[in-house]
Amino acid sequence: MTREKRPAVLIEKWFPVQELGIECQRERGASSALPPISFLHVWWARRPLTLCKAAVLASVLPTNTNKEWFNRSIGILGLPIEAKKRIEEAAKTGEKLKDPFGYERAFKYVLDANIQKEIKKKASEVWGHADISVLDPMAGGGSIPFEAYRLGFDTYANELNPVAHVIERATIEYPALFGKELYDEIEKWAQRVQEIAGPQLEEFFPKGDDENIFAYIWARTVTCPDCQLKVPLSPNWWLEKTEKKKVAVKLIVSKESNECTFELIENVKKHQYDPDQGTVARGIGKCPRCSGVLQGDYIKEQAQTGQMDQQLYSISYKKLVGKRPKRMFRAPAENDLVAAKEAEMVLITRILELQMKGYVPDETIPIGEKTVEAIRYGFKLWHNIFSPRQLLSHLTYLDAILQVKDKIKEQYEPSKAAAIITYLAIMLDKAVDYNSRMARWHSSRGIMTNTFDRHDFSFKWSHGEFDHSRMLWPWVKDQVLDAYKGICELLNGNGGQLFPDEKIDNKLILTQGSAANLHHIPDNTIHAIVVDPPYYDNVMYAELSDFFYVWMKRTLGDIYPEAFSDELTNKDDEAVANPARFRGFDVSPAELARQDYQQKMQLCFQEMYRVLRPDGVLTIMFTHKKVDAWDTLATALISAGFEITASWPVHTESEHSLHQARKNAAASTILLVCRKRDTDSPGGWWEDILPEVRRTALQKVQEFMAADITGVDLYLATFGPVLGVLSRHWPVQDRSGEPISPDKALDEARRVVTDYRVQSLLQGRRGRFDPVTRWYILAWDIYQAPQFPFDEGHKLALSVGVDIDALRTQKQIYKKDGNFIVLTSPKERSRRGQVDVNAQSFTSYIDAIHTALLIYEEDGAAALRRFVQQANLLQSDDFLSAYAALVRAIPAGQPEHRQLKDMALAAMDEKLDQLSLW
């Protein structure tokens, strides 16, 4: 179908970018207020529900849809932009606002029957009928199909990963099928599991009178090779670090014993003790007795040879004080230590029996991009990730689940029995997630974090452990039940009917398999595909989910036999750029991983092309700060026959995330709206479309800046529109006949944006920057952090005309940390001979700025004023322009921003109004 014959849809013309960004931040702003699907089972890189609902709905509605009506239909029942302004003003004045939005978070909104009818009526204007089908072929945790089903559309969800497939069933299928009536049944059998397993473990978790033990806090230990001390390894010794209370332990070393002890410090300030001084930093330990250095390789060797141990150093418990429970800490008593040892001995005596039953997850951890983090510290088998008492506890509950399983199958019809057993399995998954050697005690929040508080298997020097006889299972039971209840409320699930008063029978079809083979879907039948594909090398889903797969295989292997027939998850068909799969070849593993990702994504896009109607819409969610990732995805997409007709950036990521802080991570999800490309297109010449590429980039950077898109997101936001130009003229070649790849257009977009950003930072001032200063200012402006990927810094250097290696070796303006650039401070540059406080002239303005900062830091304001006068810096418009641009480029929260503004106050009184920094 040609472009002229297919009717446009709303998302191709308009999308509420700002409103959605604010709602996504509301949805993710508080961990306690996340959507219920987030509490059911961990899955990595979920998209916000509000964004998913908006993307699905806007992909099927006509362009004449009323904007206010659309916003209300996705749950935006007020004016979020105005509310955000009120919040920002209140933050400045100290005013406390009770309810600035005036309505609940958008994801909580449940459509009533009248709006659902309107949706179907409006959709029929585009498609000629109201029976709309929506597909997510890479459904992951199920956010997109969850919202498609809530909207009343026929919903198809496919997922390769078995763990994710089970999560989707528990998130959508079972709540929609059984509704709240299943709640009591799940609770009954979960309680029965507790009654069977809990008493068996009580002897291993002794407690004092009126104590409810919340967490045992352990440190991993290695023996000092010099003095033979058993060294507890922990980066710090905090137990509670909040504004109201500061509690820590103090490590006590004895000359007579090779065992350390600990003293509880209730008031850290009074005791003049610094708990931040731990015994390990950056993988290197230090012996507290002889001060010997424990090299990282030595620690890893101890771990790999089974000589790394652990020591219990504190217990967190709650006790009634008056009528309220109060969190307290105490040192472990002798019976605590004995009980842990007894649990280990029981496990040793029973391990063979448990292995014969097939209970023990003794599958080998395969070497991978992320699993190597666990392997290097001695975790060779999946059960090694748990301490002996943790493993015994989990196996005891596994046995209890398997005991009740047959009774459940006897009492209920197959689908309901499968549902109940699935939720019991999910409870066990949550238990192993929060009770492993990789789950840590969070001192500033007073909680246990889960194994995957990051998207990896990062080693934890100190870890927490739940009381699994009394505390853990009731907690995971309540978490899963609350999540189930919340999901039912969002679905309004009632015997499969979203809208009980109406006869609506929208299909829900969940399948498990490769997105490159959707054999159950006929050609040209799907109206809209909305997909959140794997983001290149961001998350290694299969590697991470093996942690759960080995337990699910034991609890659900007979419920979903095809999904759990393999030893571990399928990594061969997974579409991620995983270099670990290509080690040992002559070609770069990263390059082979890139090619593999591109080939697999192209096969997936070709299958999407097959099942999509000729007038159908493909909406892709993608976010990645690397141009290589965009180039690879775009090549696969365009080569599969699609063109990009629109692109929208939506701020979705929380700045408080561990994946965001000082890491310049992209904060926005970019939506690419695609159609089947006109097959009659003759292709185009790069020289002919280059002006259109530049015009598009310039137009979009202005548009997105007006929508408060900043930093690396501003650059990413222009990528979609520029790729759209390229895709409309595909295939593209230059006059010499060489094919043009997407990265050529992306580089051009980058140049346009950098030029425009420089002019914006100048705010109308004239200013000519040397390339080094230009690179430095733009690096801060783009990445908003002092650390960013080397490849991106290299591309930026090419765009401003400076040699990236010279910036390090000659100018010492950054240092390399693995694959990252870390900007160096003036003091660091001074030590390396590149900042001279006695200099009178400079080859770059950033040298002058750094010299001024160093003088101000070391000698104060008077010395700074003498320096700027002697160097005639305040008489240079270019210097002042560079200075002002740098202040505007560095985010206000960064210490470098404060230093520059302090320096301006100290030495540039007569220039402050001119600089316009306030």
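## Notebook: helices, strands and charges

I began with helix α3, where the buried residues are Leu49, Thr50, Leu51, Cys52, Lys53, Ala54, Ala55, Val56, Leu57 and Ala58. I note at the outset that this is a predicted model, and I read each entry below with that in mind. For α3, which spans residues 49-58, I found ten of the ten residues buried, so the helix is largely enclosed by the rest of the structure.

**Entry on Lys53.** Since the list of buried residues in α3 includes a lysine, Lys53, I looked up what its side chain meets. I found a salt bridge between the side chains of Glu147 and Lys53, at 3.9 Å from N to O. This pair links distant parts of the chain, with Glu147 in helix α7 (residues 143-150) and Lys53 in helix α3, 94 residues apart. I then checked the burial of the two partners, and both Glu147 and Lys53 come out as buried.

**Entry on other salt bridges.** I looked up the total for the structure, which is 58 salt bridges, and picked out two further pairs to set down. In the pair of Lys370 and Glu373, the side chains meet in a salt bridge at 3.9 Å, N to O. Here I had to mind the cut-off, because buried means under 20% relative accessible area. Lys370, at 21% relative accessibility, therefore counts as partly exposed, whereas Glu373, with a relative accessible area of 16%, is buried.

The other pair is Glu591 with Arg594, whose closest N and O atoms in the salt bridge are 2.9 Å apart. I placed both residues in helix α18 (residues 589-611), where they lie three residues apart, about one turn of the helix. Glu591 has a relative accessibility of 28% and so counts as partly exposed. I also noted a network, in which salt bridges that share partners join Asp572, Arg581, Asp596 and Lys600.

**Entry on a negative patch.** Turning to the surface, I asked which residues form a negative patch. I found Asp184, Glu187, Asp478 and Asp482, and the elements that give two or more residues to this patch are α9 (181-201) and α16 (472-491). I followed one member, Asp482, which is found in helix α16 and which is partly exposed, with a relative accessible area of 49%.

**Entry on strands β19 and β20.** I next looked at strand β19 (residues 642-651), in which eight of the ten residues are buried, so that the strand is largely enclosed by the rest of the structure. Its pairing with strand β20 (residues 668-676) is antiparallel and is made by nine bridges. To fix the register I looked up one facing pair, and Ile644 stands opposite Cys674 in β20.

**Entry on an open sheet.** I recorded an open sheet of three strands, in the order β8-β9-β10, with antiparallel pairing. The strands at the edges are β8 (280-281) and β10 (293-294), each of which pairs on one side only. Between β8 and strand β9 (residues 284-286) I found two bridges in the antiparallel sense, and I noted that the bridge partner of Ala281 in β9 is Ile284.

**Entry on β25 and its partners.** I then asked how many bridges join strand β23 to strand β25. There are three, with β23 covering residues 787-789, β25 covering residues 820-823, and the two strands running antiparallel; the partner of Phe788 in β25 is Ile821. Strand β24 (residues 814-817) also pairs with β25 in the antiparallel sense, over four bridges, and there the bridge partner of Asp817 is Phe820. The hairpin of β24 and β25 has two residues between the strands, and I noted that Gly818 in this hairpin takes a positive phi near 65 degrees.

**Entry on a distance along the chain.** Last, I looked up Leu905, which lies in helix α30 (residues 895-907) and which, at 44% relative accessibility, counts as partly exposed. I set it against Thr155, and the two residues are 750 residues apart in sequence and 60 Å apart in space, taken from C-alpha to C-alpha.

Key: Residues are numbered from 1 along each chain as its sequence is written. This is a predicted model: local features need pLDDT of at least 70, side-chain atom pairs count only at pLDDT 80 or more; totals for chains, interfaces and linings use all residues. Side-chain values use heavy atoms; hydrogens and water are left out. Buried means under 20% relative accessible area, exposed over 50%, partly exposed in between (1.4 Å probe, protein chains only). Patches are made of residues with over 30% relative accessible area and no salt bridge: like charges are joined within 9 Å, nonpolar side chains (Val, Leu, Ile, Met, Phe, Trp, Tyr) within 5 Å. Accessible areas come from the Shrake-Rupley method with a 1.4 Å probe; for residues, only the protein chains shown count as cover. A salt bridge is a side-chain nitrogen of Lys or Arg within 4 Å of a carboxyl oxygen of Asp or Glu. Lys and Arg count as positive and Asp and Glu as negative; His and the chain ends are not counted. The place of a charge is taken as NZ of Lys, CZ of Arg, CG of Asp or CD of Glu. Two strands pair if DSSP finds at least two bridges between them.
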